[in-house]
There are 2 protein chains.
Amino acid sequence: MRQLNLNALRVFAIAASHGNLQRAADELNLSRGAVSQRIKQLEIDLGVVLLKRGARGVSLTAEGKRCHAGVTDALAVLETALVSIGEENDHVTLHLGSSTATKWLMPRMDAFATAFPKLSLKTEVHEQILSRSLGRNEIALWPGSEQDPNLAHRSRRLTDIRLVAVCSPDFLRPDWPMGLETLLTLPLLQDAHRRWEKLIEATGYGNVHKLLNFDRSALALDAAICGHGIAIAPTYMIENDLSSKRLVEIWVDPEPSDDGLYVSWSKDHVGEHHISRIVDWIASEFR
Amino acid sequence: MRQLNLNALRVFAIAASHGNLQRAADELNLSRGAVSQRIKQLEIDLGVVLLKRGARGVSLTAEGKRCHAGVTDALAVLETALVSIGEENDHVTLHLGSSTATKWLMPRMDAFATAFPKLSLKTEVHEQILSRSLGRNEIALWPGSEQDPNLAHRSRRLTDIRLVAVCSPDFLRPDWPMGLETLLTLPLLQDAHRRWEKLIEATGYGNVHKLLNFDRSALALDAAICGHGIAIAPTYMIENDLSSKRLVEIWVDPEPSDDGLYVSWSKDHVGEHHISRIVDWIASEFR
DNA sequence: CACCAGCGTTTAGAAAATCTATCGCCTTGG
DNA sequence: CCAAGGCGATAGATTTTCTAAACGCTGGTG
């Protein structure tokens with residue numbers, strides 16, 4: 001165990017997560033044979049078979065599962081420690097979803113730059129929530145129904161997520177505000193959360209006139225701005241479009257939701273690196 | 001970061017913890033030059049200087065400290081996951097101090113074997129408390145003043161640590177039980193805890209007749225059995241010697257202590273692997 | 001002040017690990 | 001039965017890593 005080849009462990013972890021040696025080889029820029037050999041050698045070193053080779057790919061054995069879990073955890077710890085290595089203390093990385101980036105962060109970039117003139121901000125957009133812990137000088141913004149469960153993090157609820165239906169002022173019917181039932185007969189724009197569909201299901205109203213799907217909220221909102229229909233989105237994403245009159249609210253979800261927007265940062269290093277000040281600034285933007 | 005050489009990170013971690021490349025090389029069965037080169041290459045890959053080279057060895061730079069902490073953590077996680085790999089489920093490893101092993105475990109080995117006939121027990125004696133977390137099928141026994149703070153562990157207080165002074169029946173003076181003051185004039189045997197010295201300091205009694213130091217409790221107790229003086233030790237270590245009349249109690253520390261003996265095991269995998277049953281058995285041995 | 005011991009670095013060449021390319025052997029789905 | 005998609009084994013090429021020896025620096029010592 002002392003002399004175990006750690007690089008081989010990483011190769012194994014990647015192969016295991018793909019369930020396929022070829023794809024692992026692609027990710028590692030190696031040939032399939034190389035991956036096969038390294039895993040074979042690792043198994044010899046450990047004295048344990050980690051992968052079951054099938055005709056349709058590889059799968060984990062019981063021992064393999066334990067090993068994979070351990071290696072994955074360890075790599076996550078390592079990555080957390082190493083992301084910020086070599087980074088200056090005046091660099092901060094903000095992790096968030098693409099729509100939050102477009103609709104919330106972008107309109108506030110100037111204000112941010114003014115508030116922290118010496119700080120260099122790096123934005124990273126993710127489809128998935130980060131699998132590792134946040135390092136020093138990293139901040140994440142995520143919607144969810146509860147506090148960040150990661151014990152290495154501190155987190156703070158920024159705002160409730162309240163849904164509103166919005167459309168372009170040009171699209172507006174004269175008889176607004178209208179009931180949900182009328183609303184549902186118009187072209188509906190929704191994102192991957194499929195909030196209109198859920199609403200329809202919950203209310204029991206049937207026949208939908210027109211339903212357009214986008215893979216992210218920002219696109220649905222942009223479609224609404226262009227007058228293609230009615231989008232449904234959290235309030236925090238549309239403030240800017242409302243104040244610039246590109247969108248108008250035509251309906252507010254009466255149903256209270258547990259969901260909120262949260263900000264998380266590393267529990268370690270609190271006090272250093274401006275992080276707390278930035279979190280305070282972010283929170284202040286939500287009043 | 002993706003392609004970072006993990007083996008080099010381990011070499012760095014070992015070198016950093018020794019503060020000396022030669023000793024790291026010895027531990028790794030490598031030449032000094034090899035260690036030097038790997039760390040150099042790692043620094044190039046990371047784009048950061050990790051070690052400050054001095055005339056008297058190496059020391060960590062600020063970045064190096066962060067990196068070392070991260071790597072150490074990650075390796076601990078990994079080791080925790082891998083120690084038990086390839087181990088059968090009917091193997092259990094017990095970690096404890098050497099005196100606890102000699103004076104508590106040894107006399108109970110038969111009883112243990114009877115209680116768990118199918119189980120294979122591996123004992124590991126340590127000078128220091130384990131730096132990694134316990135894996136599945138590992139149990140640790142440690143004295144301390146509080147619960148095991150490791151969040152990945154469950155733990156249970158087995159008994160209070162009460163100190164008693166003991167000596168061989170042959171050594172016994174006719175006028176026992178005696179006061180502490182008289183006691184302190186006799187040859188005193190103590191271990192690395194230096195409990196007699198603390199007692200003398202606390203009571204303020206001066207001139208000590210004779211003080212013999214041993215590096216572990218079991219040796220002090222064995223010396224007492226041989227009639228060389230009076231040892232001071234926790235009650236749980238001497239039960240066997242008392243009942244076999246090799247030792248007799250001549251004084252009990254009246255001062256209550258927060259210290260206790262604790263047993264810890266992994267929080268994960270609870271329910272599997274007999275671990276709970278073994279912990280129960282251990283606890284039952286303390287009534 | 002000269003000298004030595006301890007420690008890190010550099011270099012070239014040797015040794016070992018690792019990779020690629022190919023071929024062979026399954027299994028699965030048409 | 002054949003083709004496609006996967007994995008394994010092997011041999012030779014390539015790259016990495018190691019050793020050994022010489023070098024340079026620093027601090028202690030007589």
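Modeller: A polar contact is a pair of N or O atoms within 3.5 Å; within protein, one must be able to donate a hydrogen and the other to accept it, and residues adjacent in sequence count only if both atoms are side-chain atoms. This is a predicted model: local features need pLDDT of at least 70, side-chain atom pairs count only at pLDDT 80 or more, and totals for chains, interfaces and linings use all residues. Residues are numbered from 1 along each chain as its sequence is written, chains are lettered from A and ligands numbered from 1 in the order in which they are written, and side-chain values use heavy atoms, without hydrogens and water.

Biologist: How far is a polar side-chain atom of A:Q37 from a base oxygen of DNA strand C?

Modeller: DNA strand C has polar contacts with both chains. A phosphate oxygen lies 2.4 Å from a polar backbone atom of A:S31, and another such contact joins a phosphate oxygen to the side chain of B:R53 at 2.5 Å. For A:Q37 the partner is a base oxygen, and the distance is 3.0 Å.

Biologist: Which element gives the largest share of the surface near DNA strand C?

Modeller: A residue is near a strand if one of its heavy atoms lies within 4 Å of it. Around DNA strand C there are 22 residues, and A:S31, B:R32, B:S36, B:K40 and B:R53 come nearest. Helices (H or I, at least four residues) and strands (E, at least two) are DSSP runs, numbered from the N terminus. The largest share, 5 residues, comes from α3(B).

Biologist: What percentage of the atoms of DNA strand D within 4 Å of the protein is sugar and phosphate?

Modeller: DNA strand D is surrounded by 20 residues, A:R32, A:S36, A:K40, A:R53 and B:S31 being the closest. Among the atoms of DNA strand D that come within 4 Å of the protein, sugar and phosphate make up 71%.

Biologist: Where does A:K40 meet DNA strand D, and at what distance?

Modeller: A:L21 reaches a phosphate oxygen of DNA strand D with a polar backbone atom, at 3.1 Å. A:K40 uses a polar side-chain atom instead. Its partner is a phosphate oxygen, at 2.6 Å.

Biologist: What kind of axis relates chain A to chain B?

Modeller: The copies are superposed by least squares on the C-alpha atoms of residues with pLDDT of at least 70 in both. A rotation of 180° with 0.0 Å of shift along its axis places chain A on chain B, with an RMSD of 0.2 Å. That is the relation of a two-fold axis.

Biologist: Which residues of chain B touch A:C67?

Modeller: A nonpolar core is a set of buried Ala, Val, Leu, Ile, Met, Phe, Trp, Tyr and Cys residues joined through side-chain atoms within 4.5 Å. A:C67 is among those with the most contacts inside the largest core, which has 57 residues. Contact means heavy atoms within 4.5 Å. Leaving aside neighbours within four places in sequence, A:C67 touches A:L9, A:F12, A:L46 and A:L50, and from chain B, B:L82 and B:I85.

Biologist: Is A:K245 buried or exposed?

Modeller: A:K245 sits in the loop between α10 (239–243) and β11 (248–252) of chain A. Its phi is positive, near 65°, though the residue is not a glycine. Buried means under 20% relative accessible area, exposed over 50%, partly exposed in between (1.4 Å probe, protein chains only). At 61% relative accessible area, A:K245 is exposed.
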